[in-house]
Structures are given as C-alpha cells and as structure tokens.
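Here is a friendly note to read alongside the structure. Please keep the sequence and the 3D view open as you go through the points.

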Amino acid sequence: MPTAVEVQKAITDLPKAEYDKLIHWLQDYDWDVWDRELEEDAEAGRLRLVAGKALDNRAAYRNPDGKVPP
C-alpha cells in the first residue's frame, strides 16, 4: 500500500487530463462515502435529534405574511 506522500507525488506528476479525471472520481467517491455515512446515521437514529430541531425551527419561523414556508 503506497503512503500518502507517495500518492501525493504521483498526483503532482499526472498530466492535466489524468488529474482532471482523478479529481472527478474523488468528488464522486467522496459523495458516495458521505451518502453511506448519512444512511447509516439515519438507520441508527442518530439524526432524530437534528431533524426534530430543524422541524421545530421551521415551525417557529414565519414569513412576513405570517405563512410557514414550504
């Protein structure tokens, strides 16, 4: 397994087109990891407190016309 320093060196040596492909892949990969973590947190019930606070804040907020936003 290469070290972080070796990976960093390899990245700096990439041609622009290959670097661009890598960046796009990393962004997609990062979103996939975040999605999996979010799903795991939701399934484990770790988001209930945050969701409850968000709904409370939404209910407390009123537009100038007195309506609750969608």
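1. Let us begin with the overall layout. The protein has 3 helices and 0 strands, and along the sequence the order reads α-α-α. This is a predicted model, so please read every value below as computed from it.

2. A word on confidence comes next. The mean pLDDT of the protein is 89, and 87% of the residues reach at least 70. Among the elements, helix H1 (residues 4–12) has the highest mean pLDDT, at 97, while helix H3 (residues 48–60) has the lowest, at 81. As a general caution, predicted coordinates should not be read in detail where pLDDT is low.

3. How many of the residues are buried? Of the 70 residues in the protein, 3% count as buried. The exposed surface comes to about 6,400 Å², and carbon and sulfur atoms supply 60% of that area.

4. Helix H2 deserves a good look, and its span is a useful check. H2 covers residues 16–43. Its 28 residues should span 40 Å at 1.5 Å a residue, and the C-alpha atoms at its two ends are 41 Å apart, which agrees. After H2 comes Gly-45, which has a positive phi, near 80°.

5. Helix H3 can be checked in the same spirit. H3 has 13 residues, and from its first C-alpha to its last it reaches 18 Å, close to the 18 Å expected at 1.5 Å a residue. Why does H3 lie largely in the open? The number of buried residues among its 13 is 0, so H3 lies largely in the open.

6. Now to the charged side chains. In general, side chains of opposite charge can pair when their charged atoms come close. The structure holds 4 salt bridges, and one of them joins Asp-13 and Lys-9, with 2.9 Å from N to O.

7. Another salt bridge links Asp-20 with Lys-16, whose closest N and O atoms are 2.9 Å apart. These two residues are 4 apart in helix H2, so about one helical turn separates them. Is Asp-20 buried, partly exposed or exposed? Asp-20 counts as partly exposed because its relative accessibility is 28%, whereas Lys-16, with a relative accessible area of 60%, is exposed.

8. Helix H2 also carries the salt bridge between Glu-18 and Lys-21, with an N to O distance of 3.2 Å. Glu-18 and Lys-21 are 3 residues apart in H2, which means that about one helical turn lies between them. Glu-18 is partly exposed at 36% relative accessibility, and Lys-21 is exposed at 53%.

9. The aromatic side chains give you something pleasant to look for. A search of the whole structure finds 2 aromatic pairs. In the pair of Trp-25 and Tyr-29, the ring centres are 5.1 Å apart and the planes meet at 10°, so this pair is stacked. Both residues lie in helix H2, 4 residues apart, about one turn of the helix. Trp-25 is partly exposed, with a relative accessible area of 49%, and Tyr-29 is partly exposed too, with 42%.

10. The other pair consists of Trp-31 and Trp-34. Their ring centres are 5.9 Å apart and their planes stand at 80°, so this pair is edge-to-face. Trp-31 and Trp-34 are 3 residues apart in helix H2, so they too are separated by about one helical turn. Trp-31 counts as exposed at 55% relative accessibility, while Trp-34 counts as partly exposed at 44%.

11. Which residues form a nonpolar patch on the surface? Trp-25, Leu-26 and Tyr-29 do, and together they have about 320 Å² of accessible area. You have already met Trp-25 and Tyr-29 as the stacked pair.

12. One last residue to find is Ile-23, which sits in helix H2. At 27% relative accessibility, Ile-23 counts as partly exposed. Ile-23 and Ile-11 are 12 residues apart in sequence, and in space their C-alpha atoms are 10.0 Å apart.

Methods
Residues numbered from 1 in each chain as written. Heavy atoms only, no water. Patch = residues over 30% accessible without salt bridge, like charges linked within 9 Å, V, L, I, M, F, W, Y side chains within 5 Å. Areas by Shrake-Rupley, 256 points an atom, 1.4 Å probe, with all protein chains shown as cover. Salt bridge = Lys/Arg side-chain N within 4 Å of Asp/Glu carboxyl O. Buried < 20%, exposed > 50% of the residue type's maximum accessible area, 1.4 Å probe, protein only. Expected span 1.5 Å × (residues − 1). pLDDT = per-residue confidence, 0-100. Phe/Tyr/Trp six-rings, centres within 6.5 Å; stacked < 30°, edge-to-face > 60°.
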